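This report covers a metal site and the contact between two parts of a chain. The structure is shown first.

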Amino acid sequence: MNIPSASLDEASIQGPTSRRHTTPRTWPAEGYTRAPYWAYTDPDIYAQEQLKIFRGKTWNYVGLEAEVPEAGNFKTTFIGEQSVVLTRAEDHSLHVVVNRCAHRGNMLCRDAFGKVKKLYCVYHAWNYNLQGDLTHAAFSHGLRGEGGLPADFQLSEHGLQKLRVATLCGLVFATFSDEVEPLEDWLGDVAQGIRRVLHKPLKVLGYDTQRIHANWKAYHENPRDSYHANILHTFYGTFGLSRQSQESGMTLDTHGRHVYFYTKAGTEKKSQDFDATSAALRSVNDAMQLEDPGILKWRDEFGDGVSVQILTTYPSFVLHQIANSLATRQLIPRGVGESDLVWTYFGFEDDDDALTQARLVQGNLAGSAGMISVEDAAVCEMMQRAMADGQNGESFIEMGGKTLDSGGNTKLSERAIRNFWHNYCLDMDLA
Ligand code: FES
Ligand SMILES: [Fe+2]
């Protein structure tokens with residue numbers, strides 16, 4: 001068949017990449033009080049994030065120690081788009097390796113969880129121990145004097161790519177970076193929000209994974225956004241688990257990378273300005289009652305009256321306490337306009353049956369169909385659709401003020417969002 005040469009050029013060779021934006025991006029002059037919509041839609045920006053953020057100077061959550069309790073246990077997961085494996089070795093040490101054979105790049109572990117004596121590549125049977133060291137390469141000495149690997153081949157030079165690993169209160173984090181500071185230094189003051197909740201050995205209760213049709217940053221902003229919590233989520237305000245009129249606060253680390261905020265149910269302080277605003281909120285409706293109010297009965301298990309604490313670490317981790325529902329959320333980017341959110345619900349090893357039951361019932365507040373959190377993914381998807389191709393427009397982030405510090409510790413603020421974009425621009429060389 002005679003194919004005109006013109007038909008083989010851009011359309012077939014470049015394909016979708018021909019729509020990529022190629023000129024350098026310029027951040028709005030207002031800085032971190034604006035986020036241009038191209039940051040959520042540009043495939044080139046997305047590709048750079050993989051390198052500069054997920055493979056950059058960040059600690060990324062990969063799982064719970066309780067998910068790999070015994071020697072030989074492994075869990076496969078992701079940091080950014082990169083598949084990695086968390087293993088527990090014979091000496092009980094934890095390791096995280098890239099899930100890619102050092103020979104020709106085959107994926108080693110395909111199951112989400114398992115128990116093995118070694119990591120085995122099905123393609124040509126290279127074997128690795130649980131620390132990621134290569135221990136055997138099939139036919140490396142050849143056969144009857146033929147084939148085999150070169151005489152200078154060293155097993156020790158062909159192990160899996162290893163990441164730094166650190167734990168805090170049963171959470172396991174890993175990083176590709178040799179430079180990022182130790183985990184607890186990196187978390188700064190936000191580590192205290194982790195220690196408050198994870199104060200004894202954990203027990204996993206279940207999982208829920210949802211695909212969100214939005215850029216990962218749309219979701220990452222959401223649990224940093226203490227301003228929306230009592231407005232978007234009608235269940236919170238209507239049934240009193242979290243209201244702006246309650247005692248609350250917000251804590252950031254000194255770099256503004258991480259944040260947690262809390263509220264205390266039952267501490268309502270009525271004021272005229274609250275009454276004036278709440279009259280216009282859909283989320284405050286004292287007339288509405290639940291037929292079965294059981295889901296609202298929660299035990300103050302930490303003894304401090306905090307009914308909700310939402311904690312976020314840059315760039316991909318959330319820890320929540322919503323009444324007695326406890327869960328981690330891991331954010332995994334799946335392309336510029338898609339993300340997965342993996343929810344892991346847990347309690348503690350010494351929970352009594354009533355508390356476990358309360359955690360399971362209140363688990364209905366969270367997750368992909370949760371009575372509170374269902375709205376978060378919905379809003380992220382509506383944002384993504386409204387941004388369209390992202391070629392114009394930017395968000396406005398001045399609630400609480402215009403600087404990284406303004407807003408202080410009030411929850412009625414977008415301070416944590418401004419700090420996110422500040423760190424994002426530094427990491428992405430966009431500042
Ligand atoms: S790709 Fe793994 S052994 Fe060849
Ligand atoms: Fe929310």
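## Domains and their interface

Buried area is the accessible area, taken with a 1.4 Å probe, that two parts lose on being put together, summed over both. The model is predicted. In this predicted model the chain is divided into domain 1, residues 60-166, and domain 2, residues 188-427. Between domain 1 and domain 2 the buried area is about 1100 Å², and carbon and sulfur atoms give 59% of that area. On the domain 1 side, Y61, L64 and F78 lose the most area to domain 2; together these residues account for 49% of what that side buries.

The centres of domain 1 and domain 2, taken over C-alpha atoms, are separated by 36 Å. Contact across the interface involves 11 residues of domain 1 and 13 residues of domain 2. The rule finds 0 salt bridges between domain 1 and domain 2, but 7 residue pairs in polar contact, both residues at pLDDT 80 or more.

## Iron site

The iron ion (ligand 2) has protein donors from H228 (NE2), H233 (NE2) and D376, the last listed with two OD entries. These donors lie 2.1 to 2.6 Å from the iron ion. In sequence, the donor residues follow the spacing H-x4-H-x142-D.

Angles among the 4 donor atoms run from 53 to 145 degrees, and the site of the iron ion is irregular. A tetrahedral assignment would need all angles between 85 and 135 degrees.

## Burial of the histidine donors

H228 has 14% relative accessibility and therefore counts as buried. H233 is also buried, with a relative accessible area of 2%. The cut-off for buried is under 20% relative accessible area.

Notes: Residues numbered from 1 in each chain as written. Chains lettered and ligands numbered in written order. Predicted model: local features only at pLDDT ≥ 70, side-chain atom pairs only at ≥ 80, totals over all residues. Heavy atoms only, no water. Donors = N, O, S within 2.8 Å, 3.2 Å for Na, K, Ca; no water. Tetrahedral: all angles 85-135°; square planar, octahedral: opposite > 155°, others 65-115°. Buried < 20%, exposed > 50% of the residue type's maximum accessible area, 1.4 Å probe, protein only. Domains from an automatic or database assignment. Contact = heavy atoms within 4.5 Å. Salt bridge = Lys/Arg side-chain N within 4 Å of Asp/Glu carboxyl O. Polar contact = N/O pair within 3.5 Å; in protein donor to acceptor, adjacent residues only side chain to side chain.
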